[in-house]
Amino acid sequence: MKRVVIGVLFVLLGLSCQGFAADVSHVTIATGNETGVYFPTGGAICRLVNKNSKENGFRCYVESTEGSPFNLRALRAGEVDFAVVQSDWQYHAYYGSGIFKEAGENKSLRSIFAIHPEAFTVVARADAKIKTFEDIKGKRVNVGSEGTGQRSTLEVLMQAYGWTLKDFKEATEIKAIEQPRALCADDIDVMLYVVGHPSGAVKEATTLCDSVLVPVKGDQVEQLIKTHTYYRHASIPQGMYKGTDKTIETFGVGATFVTTTEVSDQVVYAVVKAVFENFDLFRRLHPALANLKKEQMVLDSLTAPLHSGAEKYYREIGLLNQ
C-alpha cells in the first residue's frame, strides 16, 4: 500500500519550517493520490491549521495514500489522526459492513465535517464507442486495485447490474494516477474514478487524447440512491473538460473529514476553528471547494457521530441547536 508522508508541503502550502521548535507535536491527515482532490483538500486544511501552529501547539502534515478504505484502516490502527474519506466507506467502517465486515464495526470513528461531492466518473476512449455505462461491458476496463474507493464503488455498481469482472474483456488494476496515460496509450478503453471536479486526472485524459465522459444513470443507479443514504445524484458540468458539450449525469458520494475518539477535543476544536474562521480562504484553495456551505458541511454525508470537539465549536457559532 502506498503511504507517502509529505511533510508539511512547504512549497504547496507556502509555509516555512523556520521558527518552530523541534519538539512541537504534530497531527497527520491521510488523503489520496496526488492527482485527486483529497490531497489538495488535506493540504488546504493543513495550511489553515499551521497558520496558528504556535498557539495550538501542533503542526499539521499531509499523507498521500491509496484512498478511503486504506485511510479508515490507518485511522483504526492509530497510524494517522485525521482522514478524508468517501461517505459510503465512512458508513461501512462505522457499522462494520461491506469490506469492513471482517474487521467489525468501528464505533470510535467520528465525523468532523463534510467536504465536496464526489462523482463516479467514467472516461472512455472515443474510438471505443461507449455512450452509456452499460457499454463498458466487454471492454478493457481499469477497475483499480482491491480496497480502493474506485474499485469498491465499481463492485457495488457491478452487483446492481449482475456483472462480474469476467464481463469485461480485460480488467486491469492500474493505479489511479497512471490511468490517463494508460487510456491515451490505448492500453485500456475505460478509466474510472470517484472524484471531486475539476479533477487533474480527468483533465489530463481529456486533453492528451480523444476521450469522452460517460453518463452513469438508469434504474440500477436510482435503486442504489434510494436504498443507500450515502449515495446521491451527481453531475459534471458542461464545458468543464475538453469535449464535454453537455452536463454528464451520474451518481456519487460525499468526501468527508473524519477522525476517532482517540484525538482530543482540543485538537479537533482547533482544526475545525482554523477552517471555519478562514472559510472564504478555504473555499479558494481548490475549485472543488468553491461552493461549500457551512450548514451543509455539518449535516451532509456524515454517517458516524460528530466528534465532541467539532460539536462544541459548531454549537458555539450557532451551526447546531443548543
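So, which residue follows α5, and what is the sign of its phi? It's Gly 96, and the phi there is positive, near 70 degrees. Keep in mind throughout that we're looking at a predicted model.

Let's stay with α5 for a bit. That's the helix at residues 87-95, and it's mostly covered, with 7 of its 9 residues buried. If you want to click through them, the buried ones are Ser 87, Asp 88, Trp 89, Gln 90, His 92, Ala 93 and Tyr 94. And what sits over them? The cover includes three strands that you can pick out, β4 (82-86), β5 (109-125) and β11 (248-260), and also the helices α4 (68-76) and α6 (149-161).

Now, α4 and how it meets α5. Two packed helices are described by the angle between their axes and the distance between the axes. Here α4 and α5 pack at about 35 degrees, and the axes are 10 Å apart. Their crossing is right-handed. On the α4 side the contact uses Ser 68, Pro 69 and Leu 72, and on the α5 side Trp 89, Gln 90 and Ala 93. Sort those by class and you get 4 nonpolar and 2 polar residues, with no charged ones. And Trp 89, Gln 90 and Ala 93 were on our buried list a moment ago, too.

Okay, second helix pair: α10, residues 265-276, and α13, residues 308-316. Their axes come within 7 Å and cross at roughly 45 degrees, so the two helices are oblique to each other. α10 passes α13 in a right-handed crossing. From α10 you have Asp 265, Val 268, Tyr 269, Val 272, Lys 273 and Phe 276. They meet Ser 308, Gly 309, Ala 310, Lys 312, Tyr 313, Tyr 314 and Glu 316 of α13. The split for this contact is 7 nonpolar, 2 polar and 4 charged. So charged residues do turn up here, 4 of them, while the α4 and α5 contact has none.

Last topic, the cysteines. How many disulfides does the model have? The count comes to 2. Number the bonded cysteines along the chain and the pattern is 1-2, 3-4.

The pair at the lower residue numbers is Cys 46 with Cys 60, S to S 2.0 Å. The turn about that S-S bond is -65 degrees, and the link is left-handed. Cys 46 is in helix α2 (residues 38-50) and Cys 60 is in strand β3 (residues 58-65), 14 residues apart, and the pair links distant parts of the chain. Is this one buried or exposed? Cys 46 has 0% relative accessibility, so it counts as buried. Cys 60 is at 2%, so that one counts as buried as well.

The other bond joins Cys 184 to Cys 209, S to S 2.1 Å. This link is left-handed too, with -70 degrees about the S-S bond. Cys 184 lies in helix α7 (residues 179-184), and Cys 209 is in the loop between α8 (200-208) and β9 (211-214), so the bond ties together parts that are 25 residues apart in sequence. As for cover, Cys 184 has a relative accessible area of 23%, which makes it partly exposed. Cys 209 has 15%, so Cys 209 is buried.

Terms used:
Residues numbered from 1 in each chain as written. Predicted model: local features only at pLDDT ≥ 70, side-chain atom pairs only at ≥ 80, totals over all residues. Heavy atoms only, no water. Axes fitted to C-alpha atoms, helices over the stretch in contact; angles between N-to-C directions. Helix = DSSP H or I, 4+ residues; strand = E, 2+ residues; numbered from the N terminus. Parallel < 35°, antiparallel > 145°, perpendicular 65-115°, else oblique. Left-handed = near helix turned anticlockwise from the far one by under 90°. Contact = heavy atoms within 4.5 Å. Nonpolar A, V, L, I, M, F, W, Y, C, P; charged D, E, K, R; others polar. Disulfide = S-S within 2.5 Å. Buried < 20%, exposed > 50% of the residue type's maximum accessible area, 1.4 Å probe, protein only.
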